[in-house]
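Here are a few short exercises to work through with the model open beside you. Try each task before you read its solution.

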Amino acid sequence: MEELVGWSAEEGAIELLDVGCGTGTLASMLTAAEIEIRVTGLDLTPAMLREARGKRNGAEERKATFVAGDAEHLPFPDSRFDVVTCCNSFHHYPRQEHAVREMARVLRPGGRLAIVDGFRDNIVGWFVFDVCISAVEKWSVHHCTWRDMRGHFEQAGFQDVYQRKINWWLPLLLTVGRRNIENGRQPATETNR
Ligand SMILES: C[S@@+](CC[C@H](N)C(=O)[O-])C[C@H]1O[C@@H](n2cnc3c(N)ncnc32)[C@H](O)[C@@H]1O
């Protein structure tokens, strides 16, 4: 959130996509904040989207829209957004490298991606995310290591990547990168060659 306020102060109005938006918690915080922003929330689950839409008040309705979709196949044209966020949802994606490439595709050159997900590189995070959350989710989720998350960003062509741990009792990993400004192209990979 503090990152977003800083980016808005630097660059003005922000067109933001929140992938795996759930019930729209981040969208509510952002549209209530003193920043010029339009938020598109995307989620796979219709019940989440219904709740997100139901929570909006009049002013938020103009600033936030919610659409159904899959993180691995984003229903938006290239370079549509200034910022893409993804909070506590990334561990659900079966092909995480595809999701990051899709996020890069819909960002304008120079746009920023911020992913927050469980930090599992210390004993607390390992127990919370790799043991407890994974068991609750019937071992169908995958929390990236710090290094793997950075690798996904770099392989998708992000620059100026930085990472930091947030919280100690429920540790989260924030990873931020900027889409390549020079040519806006993503590096060739096995799947997009
Ligand atoms: C734990 S919730 C987090 C919601 C919200 N971002 C938050 O922080 O409160 C995870 C969300 O990811 C969504 N999700 C899971 N797989 C997805 C996918 N492939 N594409 C888009 N959303 C997905 C789920 O429907 C769920 O709403």
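**Exercise 1. Find which residues of helix α1 (residues 2-11) are buried, and which are exposed.**

Step 1. E3, L4, W7 and S8 of α1 are buried; that word stands for under 20% relative accessible area, while exposed stands for over 50% and partly exposed for values in between (1.4 Å probe, protein chains only). Helices (H or I, at least four residues) and strands (E, at least two) are DSSP runs, numbered from the N terminus.

Step 2. These buried residues sit on the same side of α1, because they cover an arc of only 135 degrees around the axis. The arc is taken from the directions from the helix axis to the C-beta atoms.

Step 3. On the other side of α1 you will find E2, A9 and E10 exposed.

Step 4. Now look at the partners: the buried residues of α1 pack against several elements, including β1 (14-19), α2 (25-32) and β4 (81-87). Contact here means heavy atoms within 4.5 Å.

Step 5. Just past the end of α1, G12 has a positive phi of about 85 degrees.

Before going on, a word on the source: this is a predicted model, in which local features need pLDDT of at least 70, side-chain atom pairs count only at pLDDT 80 or more, and totals for chains, interfaces and linings use all residues. Residues are numbered from 1 along each chain as its sequence is written, and side-chain values use heavy atoms, with hydrogens and water left out.

**Exercise 2. Work out which polar atoms lie close to the ligand's nitrogen and oxygen atoms.**

Step 1. Start with the backbone: a polar atom of G20 is 2.7 Å from a ligand nitrogen, and one of A71 is 2.9 Å from a ligand nitrogen.

Step 2. Turn to the side chain of T45, which places a polar atom 2.6 Å from a ligand oxygen. Polar contacts with the ligand are pairs of N or O atoms within 3.5 Å.

Step 3. On its own the ligand has 590 Å² of accessible area, and the protein covers 79% of it. Such areas come from the Shrake-Rupley method with a 1.4 Å probe.

**Exercise 3. Decide where the coordinates call for caution.**

Step 1. The average pLDDT (the predictor's confidence in each residue, from 0 to 100) is 91, and 94% of the residues score at least 70.

Step 2. Residues 187-193 fall below 50, with 10 contacts beyond near neighbours in sequence.

Step 3. Where pLDDT is low, predicted coordinates should not be read in detail.

Note on methods
Polar contact = N/O pair within 3.5 Å; in protein donor to acceptor, adjacent residues only side chain to side chain.
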